[in-house]
Amino acid sequence: MSSTLKRKLIEVSLPLEIINKESAREKSIRHGHPSTLHLWWARRPLAACRAVLFAQLVDDPSAHPDRFPTEEDREKERKRLFRLIERLVVWENTTDPVLLKEAHEEILKSTGGKPPTILDPFAGGGSIPLEAQRLGLEAYASDLNPVPVLINKALIEIPPKWVGRPPVFPGAADEVGVDAWPNATGLGEDVRRYGQWMREEAEKLIGKHYPKAILADGTEGNVIAWIWARTVTCPNPACGIQIPLTKTWWLSKKKGREVFAIPVIEGRVVSFKLSQEIKRGPSKAQDGTVGRTGVTCIACGNNSALAHVRAAGKAGLIGHQLMAIVAENRRGRAYLSPTEEQELAAQIDRPEDIPETELPEAALGFRVQGYGMTHHSDLFTNRQLILLATYSKLVGEVASRIVADAIAAGYGDFDAEERARAVGLYLALAVSRTADLNNSLVTWSNSRDQARNLFSRQAIPMAWDFVEVHPFAKAAGDVGISVETAAKVLAQLPSRSVGKAERADASTRSYDGCLVATDPPYYDNIGYADLADFFYVWLRQSVISIYPEETSTMLTPKADELVADAMRFGGDKLKAEQHFEEGFVKVFSQIRESAPFDIPITVFYAFKQAEGDADGVASTGWETMLAGLARAGFSVTGTWPIRTERSGRSRDNESNALASSIVLACRPRPEDAGTISAKVFLDFLRDELPDALNKLQQGAIAPVDLAQAAIGPGMAVFSRYAAVIEADGKHMLVRTALKLINQILDEVLSEQEGDFDAETRFCVKWFTQYGWNDADSGTADTLSRAMNTTVEAVERGSVFRAKAGRARLLAFEELSANWNPLTDDRISLWEVVLRLAKALAEVGGQEAARLMALARQRVDLDAAQELAYLLFSLCEKRNLTQDAILFNGLGQSWFDLTSSSLKLAATLPKPVQGQLDLMELGD
């Protein structure tokens, strides 16, 4: 990068702690949050996008030596900008016009009063363009897939057109009784009113298919859900019953309200009765009929492989049977046994006007095709198909009503049509959103007494026992709830500047006059197009007459989708990789041609995939993405980890899943960039990585993400040059560079041991070699002398035991109870880190923060944080998964614990000086 270019804030420093905190907190915000408008997978947090865009455009103080001549001046200015970012990322401030104006003025100062148009060519859920618009910037969103295009139209394109305009629904403006309609609240009121009319019409047409339940006292109660079990014929000819396929017999495990289903067999007929007798409840061995490998018959005990179920499914012989009804009563929820009336209510003919589109033969995350589900319509019961088909028709009817009402309100023909298109899209999105809870793959949570939507993850898995929610119960799955949600979102949207969303291929579209900020697809992590068809088939049916261009294809485009899905290439993984890499290079080469030199582009990436080979471990997704950027002519100039998941108790984490997005700032590499040797590349890595890693750790990145985040500063060195030349004269591959970056990361973590006390260094060396296993006491004695301590000293620290010629470290479960850091006469960093990880996992953050507040009076907590990262790394290398999870939880929670511990410090006791003197003498 030329020295004459002004560095942007994102290339120098960011207040990561508060950005991460607010990004993680955002996951728990629902009312009015744009993500609630419609599901899209792997959305980036709005707070992170807002902060990144601001820092991408605003100059770092070092860019103005005339105004900030000293480092002290520059640091003071950075702190001012940080304080602005810290206010900007708070969700409650997103509608503060004074703050948003202040942020916009800062952007204007750094862009000569002419900020660029922000373009996200992989717009997805719309986080980046929406936050660009919130900052007062012109925002463009494009995507190959029509579903995100429609979502982005609803978020950034439509609302600014209707700012300040009252609703056109007859009488609505007078009933609400307000003089002003700020932002798009008038449009939101129309969505609410027409949506309610649409719901009422649907209930008139098909409400008869959803009868009320008869409660135990003989009164009627509203049904909340029907719980069904799929069935298959037992292959034992002497039996032949319809086996209910269930994962569990438990319907509710809430304490004091436990309920389970008991199958009753009479001849070849199976029925169900419900019981609350906990002592009789099914054991784990008897719970459900379906396991990972097969099915057990409840009548004859025959075990059959899942292949039998798959064959029955493909022959159309899988049925379903009602297990239980969940209804409302005075105490909340009642579980009722099935009745003939309720069974018959669901036995209706399959409607004709439904999408008859086919599922892919095989796709990422899909499992249902093997059981005979070959069309999208197969994912729904007949009753659910009628529901969605009815609503799809009603969206068109609403649009016609709106045109007439708008003309009556004084609109011209064109504006009236546009109003109808706008409201119609929000209603179609509301209907589509409810499909996530109105399908036959929804399951029941017996711990929360509620339905779990299909897309709790990015997949369409098989469900054995499934749930039909009541679509008119005024709860999740009711279109009325989705409509109200859409109205609340509209009230919160910025609706400030011009926004445009369009269908376009990122590899062929124009980038002239635009600055790119994007979140590209993650290699083979998510098959967006195949998943999106689940919603698209219903959206298309609802809006094809008002958005014909966006819904011109029967299914979402697949051939040009940027994904390394081997199933698209007949199982050929190499062809899939080539498709992704070539497509990625093509996209970013297009971006490179128009990319400005004075402002970096930004790329979010959140991929973790480790693959081993003879030379070590590499990440295919990262390798492909980084190779693509380098080949396209970009140089990495900044890298930051943005946490996207809330930190919690470590034992709640099922795995060390990647919790951060890595944000890369990239500039076009100068045409005259030179080459360097591999040796010089390594020297640069050793010189630059330690400081970069220290910043990442101080930013509270989760240990599980550290290796991924380290790729950024390492690749900043690699991509700075046209090529890195190996000893044999060949250009170094990105895969080789990634392995060298990992090697230097290990070196840096090991070098941090110099900050540890002698006992901790001993424990680290022992753990590296033996883990929690025992070894000869003589070995312990030799190692302790090398570490300038003694075995007796380590034993006094209550973390090591040497007895009868054998020695070992004490594992978490062996640590003594009631530990007090102030009275521990041989405290070590090792003990502090293990105790904090144990407290966080077993008791929670409050107790861990209390112990940290006491421990900070005795040890260097910065060094303790370094140790937590090192121990995570060592656990991963030794395949100690559960221990790695504990250390990852501690590292990820470090910032939150530090903040809490500092607040507690003033209220906690201090060690008596005499006690400390005695402890020092003991040493």
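I call a residue buried when its relative accessible area is under 20%. With that in hand, I opened the model, a predicted one, and started reading.

**Entry 1: Thr760**

I looked up Thr760 to try the cut-off. Its relative accessibility is 0%, so Thr760 counts as buried. I found Thr760 in helix H20, which covers residues 758-770. Which residues does Thr760 touch, leaving out those up to four places away in sequence? I noted Ser828, Leu829, Trp830 and Leu867.

**Entry 2: Thr518**

Next I went to another threonine, Thr518, in strand E18 (residues 514-518). Buried or exposed, I asked of Thr518? At 0% relative accessibility, it counts as buried. I listed its contacts, again skipping residues up to four places away in sequence: Asp120, Pro121, Phe122, Ile128, Phe588, Thr602, Val603 and Phe604. I also checked a C-alpha pair here: Thr518 and Ile601 are 83 residues apart along the chain, and 8.3 Å separates their C-alpha atoms.

**Entry 3: E1, H5, E2 and E17**

Asp120 was on that contact list for Thr518, and I met Asp120 again opposite Ala141 of E2. I therefore followed the strands, keeping in mind that strands of a sheet pair through backbone hydrogen bonds, either parallel or antiparallel. In which sense do strand E1 (residues 117-120) and E2 pair? They are parallel, with three bridges. Helix H5 (residues 127-134) joins E1 and E2 in a β-α-β unit, and I noted its hand as right-handed.

E2 has a further parallel partner in strand E17 (residues 499-503), with five bridges between them. In that pairing I picked out Ala139, whose bridge partner in E17 is Gly499. I then asked how many of the five residues of strand E2 (residues 139-143) are buried. The count is four, so E2 is largely enclosed by the rest of the structure.

**Entry 4: helix H6**

I moved on to H6, residues 146-157, and counted buried residues there too. All 12 of the 12 are buried, so this helix is largely enclosed by the rest of the structure. The buried residues of H6 include Asn152, Lys153 and Glu157, along with Pro146, Val147 and Leu150. What do the buried residues of H6 pack against? I wrote down H5, E2 and E17, plus helix H12 (413-434) and helix H14 (528-543). H5, E2 and E17 were familiar names by then.

**Entry 5: the three-stranded sheet**

Here I looked up an open sheet of three strands, and its order is E26-E28-E27 with antiparallel pairing. Which are the edge strands? They are E26 (775-776) and E27 (800-803), each of which pairs on one side only. Between E26 and strand E28 (residues 806-809) I counted two bridges, and the two strands run antiparallel. Ala775 sits opposite Ala807, a residue of E28.

I then read the loop between E27 and E28, where Ala804 is found. Phi of Ala804 is near 55°, a positive value in a residue other than glycine. With 78% relative accessibility, Ala804 counts as exposed, because the cut-off for exposed is over 50%.

**Entry 6: Lys474 and Asp174**

I looked up Lys474 for its backbone angle: phi is near 55°, a positive value, and the residue is not glycine. Where is Lys474 found? It is in the loop between strand E16 (465-469) and helix H13 (479-492). Its relative accessibility is 66%, so Lys474 counts as exposed.

Asp174 is exposed as well, with a relative accessible area of 69%. I placed Asp174 in helix H7 (residues 172-176). For a longer-range check I took Asp174 and Arg44, which are 130 residues apart along the chain, and noted 39 Å between their C-alpha atoms.

**Entry 7: cavities**

Last, I looked for enclosed space. How many cavities of 30 Å³ or more are there? I noted five. The largest cavity holds about 60 Å³ of space. Its lining is made up of Ile227, Thr248, Trp250, Leu251, Met323, Trp444, Asn446 and Asp465. I sorted that lining by type and got five nonpolar residues, two polar and one charged.

Definitions and conventions:
Residues are numbered from 1 along each chain as its sequence is written. This is a predicted model: local features need pLDDT of at least 70, side-chain atom pairs count only at pLDDT 80 or more; totals for chains, interfaces and linings use all residues. Side-chain values use heavy atoms; hydrogens and water are left out. Buried means under 20% relative accessible area, exposed over 50%, partly exposed in between (1.4 Å probe, protein chains only). Contact means heavy atoms within 4.5 Å. Two strands pair if DSSP finds at least two bridges between them. A crossover is right-handed if, with the strands pointing away from the viewer, the path from the first strand over the helix to the second runs clockwise. On a 1 Å grid over the protein atoms alone, a cavity is a set of points where a 1.4 Å probe fits but cannot get out, and a pocket is an open set with protein on both sides within 12 Å along at least five of seven lines; lining residues have an atom within 4 Å of a point. Grid points are joined across faces, edges and corners, and a volume is the space filled by probe spheres set on the points. Ala, Val, Leu, Ile, Met, Phe, Trp, Tyr, Cys and Pro count as nonpolar, Asp, Glu, Lys and Arg as charged, and the others, Gly among them, as polar.
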